[in-house]
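Please consider how the protein chains in this entry meet a DNA strand, and what the protein surface offers beside that strand.

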There are 2 protein chains.
Amino acid sequence: MKDKVLIRMRNWIAESGLVKGERLPPERALCETLGVSRAELRKANLVLEAEGVLERHVGRGTFLSKAPRPVNGHDAIERTISALAESTGPVEAMQARLALEPELAKLTALHGTPMQLRKMRQLASAMRAAPSWGAYEVLDSEFHEAIAAASGNSLLLALHKILNGVRLTVVWRRLNTSDGGPEASYHSFDEHDAILNALEQRDGAAAEAAMQAHLKSTLSMMGAASSPL
Amino acid sequence: MKDKVLIRMRNWIAESGLVKGERLPPERALCETLGVSRAELRKANLVLEAEGVLERHVGRGTFLSKAPRPVNGHDAIERTISALAESTGPVEAMQARLALEPELAKLTALHGTPMQLRKMRQLASAMRAAPSWGAYEVLDSEFHEAIAAASGNSLLLALHKILNGVRLTVVWRRLNTSDGGPEASYHSFDEHDAILNALEQRDGAAAEAAMQAHLKSTLSMMGAASSPL
DNA sequence: GGACGTAATATGGTCAACCAAATCAAAAAT
DNA sequence: ATTTTTGATTTGGTTGACCATATTACGTCC
């Protein structure tokens with residue numbers, strides 16, 4: 001893809017240890033290092049030059065012109081969430097959760113610490129007493145994120161944060177947060193408990209199945225058809 | 001000098017009266033209007049595209065962007081990749097793939113179009129002939145992204161792009177790209193074929209299993225212990 | 001040994017030819 | 001008469017060859 005080289009060039013710069021004013025390797029060398037054609041590298045560098053990141057001089061070389069902007073991971077993730085929420089509907093978000101969260105639950109059954117499991121229990125309890133749907137959704141979001149956090153994989157946690165953020169954004173759009181919260185018989189309560197029971201039993205398959213059942217139940221409550229198998 | 005074409009292109013756009021989403025004249029016509037070479041015009045348009053001002057599509061033309069959001073999202077994803085790659089090791093990236101990519105393969109068996117499957121076949125073939133590990137990794141990345149793209153869920157595709165971007169970044173750190181490429185007996189080749197066979201048979205469970213086997217195989221090649229079940 | 005001039009080499013820049021994707025028009029099939 | 005297929009054309013994308021600028025190496029002179 002055409003943006004791939006640009007991404008890789010950004011990363012190369014970030015990891016190069018070069019300081020402002022220092023000279024990059026020649027294009028002909030760097031394009032081999034990156035495994036791209038020189039023309040593709042030049043395109044990426046053209047964009048970076050336009051952004052003020054690089055300065056390029058014929059016969060002299062390419063130089064880092066300014067300190068690269070520090071990459072703030074939290075900001076980047078927030079922006080990513082905002083952008084994705086613009087092109088994601090509630091059902092699609094739900095289906096994406098169905099792909100990822102059972103896998104997370106499976107890993108959490110293996111990797112979750114007692115402290116992390118206790119926190120999930122507290123969140124599940126708090127959800128039963130949620131005074132509004134708004135409060136419920138926040139707690140639910142935290143519950144699911146706590147599961148992801150206990151998966152033992154920071155990259156999966158980050159991916160889940162994005163997924164969770166998109167989902168929460170999409171949900172907030174149509175939620176009347178001043179409504180009274182869920183009834184005591186709300187289906188998710190028992191489903192959360194089933195997930196937690198499996199996690200506490202360290203039963204990965206049961207945790208995965210419980211999470212699947214929970215998300216499918218929620219998906220069907222949304223009036224969405226099940227996947228046409 | 002080199003910024004003159006960019007400035008002239010900006011002015012041309014401002015004075016064109018074109019509305020968001022409208023199509024610009026073809027490059028070959030517009031470069032004559034501006035009195036510059038097509039290559040020079042293309043450089044200017046590359047920068048404007050990176051800024052989100054223009055959208056360029058092969059065979060269709062160049063358009064004034066409807067909204068800057070897509071590039072904002074793209075930029076945010078790039079930054080997210082950069083940030084996450086700083087805190088992710090190769091094994092962790094691999095394990096995250098193991099959580100997500102079999103699920104994607106399962107969905108792709110259901111949703112993938114014949115054209116998308118053909119593209120994967122082409123990529124798998126190209127990988128067998130990769131002249132270097134660097135080229136192989138790029139093709140492999142594209143292969144796995146093609147699978148994610150065929151899953152039918154744009155949010156999962158975005159998550160996979162992040163995962164794939166992190167993975168590629170992490171891999172590049174330790175890859176000697178000038179090495180000769182993989183041998184004909186490299187294990188991933190047959191594993192890719194097994195995945196594709198399952199996808200073409202529309203067998204979701206087989207696709208999921210084949211992807212799991214492929215990723216586990218790669219993970220074990222990395223010298224990592226399997227998950228301690 | 002140092003200064004100067006020239007040639008060779010290195011580095012980024014440009015371009016015409018060709019490639020890849022999409023659209024349109026004409027021919028063939030139903 | 002309508003639909004589908006095929007070929008031609010249009011449009012943006014890529015690449016190797018060559019160009020323009022800067023640096024380095026070498027030879028000559030003092």
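The paragraphs below treat the surface near the strand, then the polar contacts, and finally a pocket. The model is predicted.

The surface near DNA strand C draws on both protein chains. Of the 19 residues around the strand, those that come nearest are A:E27, A:R38, B:S37, B:K43 and B:R60. In chain A, at least two residues of this surface come from each of α2 (27-34), α3 (38-50), β1 (54-57) and β2 (61-64), and in chain B α3 (38-50) likewise supplies at least two. Sorted by class, the surface has 10 charged, six polar and three nonpolar residues.

Which part of the strand faces the protein? Of the atoms of DNA strand C within 4 Å of the protein, 68% are sugar or phosphate atoms, and the rest belong to bases. Individual polar contacts add detail. An N or O atom in the side chain of B:K43 is 2.2 Å from a phosphate oxygen of DNA strand C, and for the side chain of A:R56 the corresponding distance is 3.5 Å. The backbone also takes part: an N or O atom of B:V58 lies 3.3 Å from a sugar or linking oxygen of the strand.

Two of these residues, A:R56 and B:K43, return in the second largest pocket, where they lie nearest the centre together with A:R42, A:L46 and A:E49. This pocket has a volume of about 790 Å³ and a lining of 32 residues. Elements giving two or more residues to the lining are α2, α3, β1 and β2 of chain A, with α1 (2-16) and α3 of chain B. By class, the lining comprises 15 charged, 13 nonpolar and four polar residues.

Note on methods
Residues numbered from 1 in each chain as written. Chains lettered and ligands numbered in written order. Predicted model: local features only at pLDDT ≥ 70, side-chain atom pairs only at ≥ 80, totals over all residues. Heavy atoms only, no water. Near = heavy atom within 4 Å. Polar contact = N/O pair within 3.5 Å; in protein donor to acceptor, adjacent residues only side chain to side chain. Helix = DSSP H or I, 4+ residues; strand = E, 2+ residues; numbered from the N terminus. Nonpolar A, V, L, I, M, F, W, Y, C, P; charged D, E, K, R; others polar. 1 Å grid on protein atoms, 1.4 Å probe; cavity = no way out; pocket = protein on both sides within 12 Å on 5 of 7 lines; lining within 4 Å. Points joined across faces, edges and corners; volume = space filled by probe spheres on them.
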